[in-house]
Amino acid sequence: MDESQLEAAEAAYVTGRALVAADADGDERVVEAALRPRTLDEVVGQERVREQLSLLLEAARRRERVPDHVLLSGPPGLGKTTLAMIIAAEMSSPLRLTSGPAITHAGDLAAILSGLNEGDVLFVDEIHRMSRPAEEMLYMAMEDFRVDVVIGKGPGATAIPLEIPPFTMVGATTRAGLLPSPLRDRFGFTAHLEFYEPAELERIVRRSARLLEVELGADGAGEISGRSRGTPRIANRLLRRVRDYAQVRADGVVTRALARSALDLFEVDESGLDRLDRAVLDVLCRRFGGGPVGVSTLAVAVGEERETVEEVAEPFLVRLGLLARTPRGRVATRAAWHHLGLTAPETVDATLFGSDTDLPR
Ligand SMILES: Nc1ncnc2c1ncn2[C@@H]1O[C@H](COP(=O)(O)OP(=O)(O)OP(=O)(O)O)[C@@H](O)[C@H]1O
Ligand SMILES: [Mg+2]
């Protein structure tokens, strides 16, 4: 991909997406490809997963066997696709790429499996969204390297056994809990990716800045990583917006002060909250006295769809301990009031701990 393609993808991407959304859309994927680590050594952080994977791959190389199937689980933007590509690269094996939603029939999967060569790495993204019949076919393929292809329907249907050369299945999921246990159990190794520490994100920002030829000044990387929600994808995205600002409004050098002005302009605050996150907190505290209030009411009050509030804003607010989901509705924590620069009412703890919440006690 050349520079102009990258820029076109970037331009298409900039419009109309939350800057702190953890998922990537089509155009951003193109931009991301340029920043992906290519080897395990280049991967920043996730020390344990890296060491475990490195051992697994080395052992397979020594035994001259294909590595065991690997499941990568964790929230969006933490490096699942990156690791899948690295597994194939480290084994010098071709990577076949597909995704759960693309496999709607068992036949789709049979076609993919029958096209595999020995040692191929088959990457199935969003594996929790595969159809049930395909899933069942996959059980057998993963365990016995064969499948039964059913030809015809009804009493006349016949199952034709099909041998598949040994391959390595790499599945990725943001929702490991949704995988049926027979499928989960067929992976020899599951890597759980965790959110990144600020220092690790800072290393990622420095690395990306080098690749994008962005000059970092004093503490520019620190300012960006602090607002990145523990997520490399968001760190890289904020870096690109800060780069725009540096090139247009300044001399191109990303200092702390400059990063701060840029991210203030894009309404990403020091904790990584964006406009919607803050609107939710603001409405919850100022209009509803801190809750409890139903999520639908909250959504109407901020002028968003219920799903957007529930899936985009709330998980991060809960993670930061700013909002709690209780059976009676959403409740602002003491920290939420502080975040908005308000004084929490006396009753905040009673409201919060009055019944079960997903806050740690
Ligand atoms: N450990 C890491 N070190 C450096 N960069 C990383 C790391 N993990 C992820 N990234 C960067 O973050 C971006 C997103 O990573 P990736 O696409 O692998 O996430 P994902 O977990 O597959 O997300 P999704 O669930 O949305 O598919 C990539 O462009 C990659 O450059
Ligand atoms: Mg991915």
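**Exercise 1. Find the residues at the heart of the largest nonpolar core, and say where this core lies.**

Step 1. Start with the members: the largest nonpolar core has 61 residues, and Leu-72, Ile-87, Val-170 and Val-242 touch the most other members. A nonpolar core here is a set of buried Ala, Val, Leu, Ile, Met, Phe, Trp, Tyr and Cys residues joined through C-beta atoms within 7 Å. Buried means that 20 or more other C-beta atoms lie within 10 Å of a residue's own, exposed means 12 or fewer, and partly exposed is in between, with C-beta atoms placed from the backbone.

Step 2. Look for the main contributor. Helix H10 (residues 232-249) gives the largest share of this core, six residues. Helices (H or I, at least four residues) and strands (E, at least two) are DSSP runs, numbered from the N terminus.

Step 3. Place the core among the domains. Domain 1 (3-26 + 196-266) and domain 2 (46-192) both supply residues, so the core lies between them. These domain bounds come from an automatic or database domain assignment.

Step 4. Keep the second core apart: a separate set of 18 residues includes Cys-285, Leu-298, Val-309 and Val-331.

A note before going on: this is a predicted model, in which local features need pLDDT of at least 70 and side-chain atom pairs count only at pLDDT 80 or more, while totals for chains, interfaces and linings use all residues. Residues are numbered from 1 along each chain as its sequence is written, and chains are lettered from A and ligands numbered from 1 in the order in which they are written.

**Exercise 2. Work out the strand order of the five-stranded open sheet, and identify its edges.**

Step 1. Read the order, which is E2-E3-E6-E1-E7, with parallel pairing. Two strands pair if DSSP finds at least two bridges between them.

Step 2. Check one pair: strand E3 (residues 121-125) and strand E6 (residues 168-173) run parallel and are joined by four bridges. Within this pair, Leu-122 stands opposite Met-169 in E6.

Step 3. Find the ends. Strand E2 (95-99) and strand E7 (189-192) each have a single partner strand, so one side of each has no neighbour in the sheet.

**Exercise 3. Describe the surroundings of Thr-81.**

Step 1. Begin with the record: the UniProt annotation "binding site" (unreviewed entry) covers Thr-81. UniProt positions are given in the numbering used here, feature names are shortened, and annotations may be inferred rather than shown by experiment.

Step 2. Locate Thr-81 in helix H4 (residues 80-90). Thr-81 is buried, because 21 other C-beta atoms lie within 10 Å.

Step 3. List the contacts. Leaving out residues up to four places away in sequence, Thr-81 touches Asp-125 and Ala-172, where contact means C-beta atoms, placed from the backbone, within 7 Å.

**Exercise 4. Decide whether the three annotated arginines are scattered or gathered.**

Step 1. Take the positions from UniProt, which lists Arg-306, Arg-325 and Arg-330 for "binding site" (unreviewed entry).

Step 2. Test the distances. The three span 25 residues in sequence, yet no two of their C-alpha atoms are more than 14.1 Å apart, so they gather at one spot.

Step 3. Describe two of them. Arg-306 is in helix H14 (residues 306-319) and is partly exposed, with 14 other C-beta atoms within 10 Å. Arg-325 is in strand E10 (residues 323-326) and counts as partly exposed, with 19 C-beta neighbours inside 10 Å.

Notes. Two residues are in contact if their C-beta atoms, placed from the backbone, lie within 7 Å.
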